[in-house]
Amino acid sequence: MTAATVVLREMRWWDIAPVLELEHELFPEDAWSAGMFWSELAHARGPRATRRYVVAQDGTGRLVGYAGLAAAGDLADVQTIAAARDQWGTGLGARLLTELLRAATAFECAEVLLEVRVDNTRAQRLYERFGFEPIGFRRGYYQPGNVDALVMRLTDPAHAGTENPESSETHG
């Protein structure tokens with residue numbers, strides 16, 4: 001199934017259980033808890049919303065990806081992006097990231113930051129194609145594996161883009 005047959009929509013509370021299944025499959029050592037997703041979704045609706053979370057569903061209704069962004073002032077932070085392994089290489093990661101950058105623009109953010117595992121070169125290549133640049137490291141950021149995070153920044157998210165999208169995942 002291609003990313004084109006996958007539909008993106010707003011994440012809602014009833015998506016937390018299938019999101020957690022995918023979360024534990026993709027990030028077994030440092031998976032988010034249900035409480036973390038509940039907390040993020042609590043800030044995703046209404047006139048004072050500071051979050052944007054989306055899910056990706058295939059034609060059978062199966063959840064195959066999700067992504068989230070937090071905004072504060074003129075700065076946004078990619079909280080998580082994940083695509084099911086059978087979606088890697090379909091462009092789904094690029095579609096999810098594009099949706100987050102649209103949200104950053106809607107929140108009037110001038111910059112977007114993210115953390116990505118130093119060993120996740122697939123995700124790093126995706127972010128670089130969108131114009132993200134490395135700006136530093138967070139030592140031991142991903143626990144309990146004590147894996148470093150590469151911090152990346154994108155200025156002017158309204159004009160970010162890619163010519164050759166590829167799926168990937170990260171999580172911060």
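Colleague: Which residue forms a salt bridge with Arg51?
Modeller: Keep in mind that this is a predicted model. The closest N and O atoms of the pair are 2.8 Å apart, inside the 4 Å cut-off for a salt bridge. Arg51 sits in strand E2 (residues 51–57) and its partner in helix H2 (residues 34–41), 11 residues apart, and the pair links distant parts of the chain. The partner is Glu40.

Colleague: Are Arg51 and Glu40 buried or exposed?
Modeller: For this, buried means under 20% relative accessible area. Arg51 meets that, and so does Glu40. So for both of them the word is buried.

Colleague: How many salt bridges does a search of the whole structure find?
Modeller: Arg51 with Glu40 is one salt bridge, and Arg52 with Glu99 is another. Searching the whole structure gives a total of 12.

Colleague: Where is Glu99, the salt-bridge partner of Arg52?
Modeller: The two side chains meet at 2.9 Å, N to O. Arg52 is in strand E2, and Glu99 is 47 residues apart from it, so to speak of the pair is to speak of a link between distant parts of the chain. Glu99 belongs to helix H3.

Colleague: Is Glu99 buried or exposed?
Modeller: Its partner Arg52 is partly exposed, with a relative accessible area of 25%. Glu99 has a relative accessibility of 14%, and the cut-off for buried is under 20%. Glu99 therefore counts as buried.

Colleague: What ties Glu115 to another part of the chain?
Modeller: Glu115 lies in strand E5 and is buried, at 5% relative accessible area. Its salt-bridge partner is partly exposed, at 36%, and the closest N and O atoms are 3.5 Å apart. That partner lies in strand E6 (residues 133–142), so the pair ties together parts that are 23 residues apart in sequence. The tie is the salt bridge to Arg138.

Colleague: Why is strand E5 described as largely enclosed?
Modeller: E5 covers residues 111–117. The description follows because its buried residues number five of the seven.

Colleague: Which strand runs antiparallel to E5?
Modeller: E5 also pairs with E4 (residues 75–83), but that pairing is parallel, over four bridges, with Ala76 opposite Val112. The antiparallel partner is joined to E5 by seven bridges, and there Glu111 has Thr155 as its bridge partner. That strand is E7 (residues 147–155).

Colleague: What is the handedness of the β-α-β unit made by E4, H3 and E5?
Modeller: The two strands of the unit, E4 and E5, pair in the parallel sense. Helix H3 (residues 92–106) is the α part of the unit. The unit is right-handed.

Colleague: Which side chain joins Glu23 in a polar contact?
Modeller: Glu23, in helix H1 (residues 16–26), is buried yet has no salt bridge. The nearest side chain of opposite charge, Arg117, is 10 Å away, and a salt bridge needs the atoms within 4 Å. The polar contact, at 2.2 Å, is with Tyr66.

Colleague: Where on helix H4 do the buried residues fall?
Modeller: In H4 (residues 121–129) the buried residues are Ala123, Gln124, Leu126 and Tyr127. Seen down the helix axis, they fall within an arc of 160°, so they line one face of the helix.

Colleague: Which residue takes a positive phi just after H4?
Modeller: The phi there is about 105°. The residue is Gly131.

Technical notes:
Residues are numbered from 1 along each chain as its sequence is written. This is a predicted model: local features need pLDDT of at least 70, side-chain atom pairs count only at pLDDT 80 or more; totals for chains, interfaces and linings use all residues. Side-chain values use heavy atoms; hydrogens and water are left out. Buried means under 20% relative accessible area, exposed over 50%, partly exposed in between (1.4 Å probe, protein chains only). Lys and Arg count as positive and Asp and Glu as negative; His and the chain ends are not counted. A polar contact is a pair of N or O atoms within 3.5 Å; within protein, one must be able to donate a hydrogen and the other to accept it, and residues adjacent in sequence count only if both atoms are side-chain atoms. The arc is that of the directions from the helix axis to the C-beta atoms. Two strands pair if DSSP finds at least two bridges between them. A crossover is right-handed if, with the strands pointing away from the viewer, the path from the first strand over the helix to the second runs clockwise.
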